[in-house]
Every structure is written in structure tokens, then in C-alpha cells.
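Visitor: I'm new to this one. Could you pick a single part, take me through it slowly, and then show me what surrounds it in the rest of the model?

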Amino acid sequence: MTDNNTVQPPTQSFWQRTFSSLRYRDFRLVWLGSCTEHMGQHMETMAIVWLMKELTNSPYYLGLLAVCRVAPLIFFALVGGVMTDRVDRRKLLISCLAGGAIISIVLLTLVSTGVIAPWHLLVAGVFGAMLTGVNHPARAAIVPNLTPKEEWMNAIAMDTISVRTASILSSPVAGYLIFTFGTTMLFGVRALGMGLAILWLMMAEVPSTPAAGKKHGSWRNMTDGLVYAVSSGLIMSLVIVFALREFQHEMSQVFLPFFADITKSGAKGYGFLEMASGLGAVVGLFGIATLGNYKYKGRLIIGAGITSGVFLTLFPLSKWLFLSVLLLFCVSAAGTIFENVSRTALQTIVPDEIRGRISSIREFVRGIFGTGIAFGLGLGGEYWGVVTASLLLGVIVIASVSLMAIFLPAFRKL
């Protein structure tokens with residue numbers, strides 16, 4: 001193991017530094033599972049969002065769909081964190097993937113038979129979020145145990161690259177398929193992707209869950225995790241950073257179909273906008289991976305957060321697809337650096353036996369912020385317009401990161 005303030009040896013080549021965590025077999029298998037899982041999930045999510053727009057043509061319903069996809073995290077993330085620190089993490093993650101596959105198959109059946117209705121999509125969003133509340137803490141707790149500590153920043157970046165690469169590869173394909181054939185053929189692909197992810201996970205050897213998380217009852221475990229997080233201003237600031245990143249994510253979920261109309265590009269433009277977000281994220285993540293165990297994490301988080309907010313403010317002002325794609329690329333690149341460097345800092349601080357619960361608090365805060373943001377965006381888009389609502393979102397991100405930088409010295413010194 002190396003000290004947190006060291007960097008990767010300069011003798012390593014670019015490719016060795018960038019993909020260093022993939023040298024470890026078990027991490028590589030988990031990473032491959034994430035690739036297949038998220039490729040299917042992203043294509044089906046695009047189909048769900050576009051189908052909701054076709055069924056309702058309402059920003060309010062798109063906002064309500066986003067609410068259903070995050071609100072259950074407020075409760076289920078805390079439950080998932082406790083479960084992550086008490087049971088076999090690999091089996092828990094496999095169970096969540098199997099549940100997601102079932103939801104996908106049900107949606108495929110409803111769409112294929114022509115009985116799909118908006119409320120079906122809302123209910124599917126709720127059940128999917130319940131599983132996410134358990135899935136994300138389990139995955140967050142597993143990843144650091146598959147590589148040495150000095151590889152954590154690279155491993156976390158590569159784990160997120162698997163998600164963003166999936167969106168890059170699948171977004172234009174999904175947009176073209178929706179434009180040409182409609183949404184029906186995209187339902188069910190999540191089940192296939194999650195089936196492959198289960199296969200990869202079954203081949204991986206994941207360290208057992210630390211016994212310390214089983215010493216007390218579930219309620220005591222949950223309260224201990226909350227007390228540990230709340231007692232540290234630094235940990236809570238890193239949790240809030242993740243919640244701020246949710247602003248851009250929810251804007252994309254709620255408004256991108258309407259920005260496709262603003263740029264007069266339709267379903268194809270929607271696919272390109274989604275692809276731009278994914279491509280920007282991957283570029284940002286490769287930058288993080290190449291940095292290795294970078295010393296000045298706090299400065300990097302602050303700079304990337306403010307930069308993301310600036311581009312998020314400019315994005316809704318564009319009426320040209322090319323410019324919108326470029327601005328969204330920049331929003332995503334900076335926002336991804338902002339999110340993932342903070343994730344690394346958080347994992348470095350938190351001990352393994354409580355890692356699932358702290359990760360779940362991050363998802364809990366995401367549920368609170370995401371619910372309010374998604375509902376607010378839906379109403380704001382309905383009554384103020386999507387341009388004004390999105391612009392205000394960027395201003396909030398800039399102000400929030402600036403305030404944390406000013407009033408939290410420990411945050412700056414990470």
C-alpha cells in the first residue's frame with residue numbers, strides 16, 4: 001500500500017496508469033458485469049423516458065417519472081446500507097440484478113401487448129429505485145475490496161467509466177431505433193444485460209463482509225452509521241457533493257427530450273444529447289484514472305464543480321444541436337470529475353465495516369435532493385419553461401460549491 005498523498009510512479013506509461021485497476025481479475029469481472037448491466041439499462045431507460053413523452057407530452061409527467069426513480073431511495077438506501085454491512089455483498093448485488101431483470105420483462109410484456117400506460121412506467125420506476133437503494137451501496141462497498149488502496153481512485157473511475165461508456169455506445173443506437181421503429185424493441189434489453197452481469201459476478205471472488213457490521217442489531221447499525229456521518233462535517237460535505245451532481249442528472253432525465261425539440265432534432269438529437277453526456281463523463285473519468293492517486297483532491301473537486309455549474313448555466317441557452325452537444329459534453333466531463341474524486345476521498349476516509357452504510361447515506365441524500373429537484377424541474381418546466389428551470393439549476397450548483405469551498409477548510413485541504 002502507498003500513502004494517500006503519493007502519485008503513480010512516473011515510469012508507468014499512459015495506458016498502464018489509466019487502466020491499472022483492470023489488472024486485477026476480480027475487479028475486472030465486476031467491471032465487465034457493470035458494462036453489460038448498464039448498457040441494457042440505459043437503452044431501456046431512454047425508451048421509457050421517450051415513451052412517457054409520447055403518452056403525455058408533459059414536462060410534469062417526465063418530472064414525476066424522475067421522482068419515482070429517486071424518491072424510494074430516501075428509505076431503501078438506508079436499508080440497503082445496513083444490509084450491505086451485514087450480509088454477503090455479492091449475493092445481495094446478484095439479487096438486485098435479478099429483480100431488475102424481472103421488472104424489465106414485465107415492461108416488455110406490457111408494451112408488446114399494447115396495454116402500457118403512464119402509471120405502469122411510474123410504478124416500474126418506484127420498484128427500480130427500491131432495488132437501486134440496495135444495489136448502489138453494495139457495489140460501492142465491493143469495489144474498494146478488489147484492488148489495493150493506491151488503486152482506489154483509478155478503480156472508482158473505471159467503475160464509473162463502465163456506466164458512461166455504456167451510455168455512449170447505446171445512446172445513438174437507442175435514438176436511431178426509437179426514430180425508426182419506436183420504443184417497443186428496446187424493452188427487455190435490460191434483462192439481457194443484467195443476466196450477463198450476474199454471470200460475471202458469479203465468476204468473481206469477492207471478500208466476505210466484515211464481521212464488525214453484525215455485532216449489533218439492524219436499527220443500531222443504521223443509527224451508528226448516521227451518527228458517524230453527521231458528526232463529521234467533512235464526510236457530510238462529500239455526501240452533499242454527490243447530491244449536487246444529481247442536479248445535472250435529473251435535468252437530463254426530465255428535459256433532454258424537450259431540448260431535442262428545441263434544437264429541432266427529434267429522437268435522433270435526443271440520442272446525440274445522451275451520447276454527449278456519456279462521452280463527456282468518460283473523458284473526465286479517463287482524466288481521473290490517468291492522474292492516479294492525485295494529491296490535491298479538494299481543489300480538483302471545487303474547480304470541477306464550479307466549472308460544471310457554469311456550463312450547466314450555458315447549456316439551456318443553446319438552440320443548435322452541435323453547440324448543445326458540446327456544452328452538455330463539458331457539463332458531464334466536469335461534473336463527473338466533481339463526483340468521482342469526491343467518491344474516492346469518501347472511500348479513503350471511511351472504514352470498510354461501515355462503508356455500506358455511509359454509501360447508503362449518500363444515496364439517501366440523493367433521494368431527498370433528487371425527489372425535490374425532479375418534482376421542481378417538472379413543475380418549473382411546465383410553468384416557466386425548460387430553459388429557465390435548467391438555467392437556475394446551474395446557478396444553484398455554482399453557489400453551493402462556492403459556499404462549501406469558503407466555509408469548509410477541511411474540504412479544501414482534501
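Guide: Sure, and one definition first: a helix here is a DSSP run of H or I with at least four residues, and helices are numbered from the N terminus. Also keep in mind that this is a predicted model.

Let's take helix α5, which covers residues 89-112. Its 24 residues reach 35 Å from the first C-alpha to the last, close to the 34 Å expected at 1.5 Å a residue. Look at its two ends. At the N-terminal end, D88 acts as a cap, with a side-chain oxygen sitting 3.0 Å from the backbone nitrogen of R90. Just after α5, G114 takes a positive phi of about 75°.

Now hold that up against helix α7, residues 152-181. This one has 30 residues and spans 42 Å between its first and last C-alpha, close to the 44 Å expected at 1.5 Å a residue. There's a kink of about 35° at S170, shortly before the proline P172. Most of α7 is covered, too: 21 of its 30 residues are buried. Just after α7 comes another glycine with a positive phi, G182, at about 90°.

What about helices that pack together? Try α2 (residues 25-56) and α3 (residues 59-70): their axes lie 9 Å apart, at an angle of about 145°. The crossing of α2 past α3 is right-handed. On the α2 side, T45, I48, V49, M52, K53 and T56 take part, and they meet Y61, L62, L65 and R69 of α3.

Loops deserve a glance as well. T263 sits in the one between α10 (233-262) and α11 (266-291). Why does T263 count as buried? Its relative accessible area is 10%, and buried means under 20%. The side chain of T263 makes a polar contact of 2.8 Å with that of S265. Leaving aside residues up to four places away in sequence, T263 touches K319, W320, L321 and S324.

Finally, step back to the whole chain. The secondary structure comes to 16 helices and 0 strands, so α5 is one of those 16 helices. Of the 414 residues, 57% are buried. And if you take contacts between residues at least 6 apart in sequence, 89% of them join residues at least 24 apart.

Conventions. Residues numbered from 1 in each chain as written. Predicted model: local features only at pLDDT ≥ 70, side-chain atom pairs only at ≥ 80, totals over all residues. Heavy atoms only, no water. Helix = DSSP H or I, 4+ residues; strand = E, 2+ residues; numbered from the N terminus. Expected span 1.5 Å × (residues − 1). Bend = angle between axes of the 7 residues up to and from the residue. Buried < 20%, exposed > 50% of the residue type's maximum accessible area, 1.4 Å probe, protein only. Polar contact = N/O pair within 3.5 Å; in protein donor to acceptor, adjacent residues only side chain to side chain. Axes fitted to C-alpha atoms, helices over the stretch in contact; angles between N-to-C directions. Left-handed = near helix turned anticlockwise from the far one by under 90°. Contact = heavy atoms within 4.5 Å.
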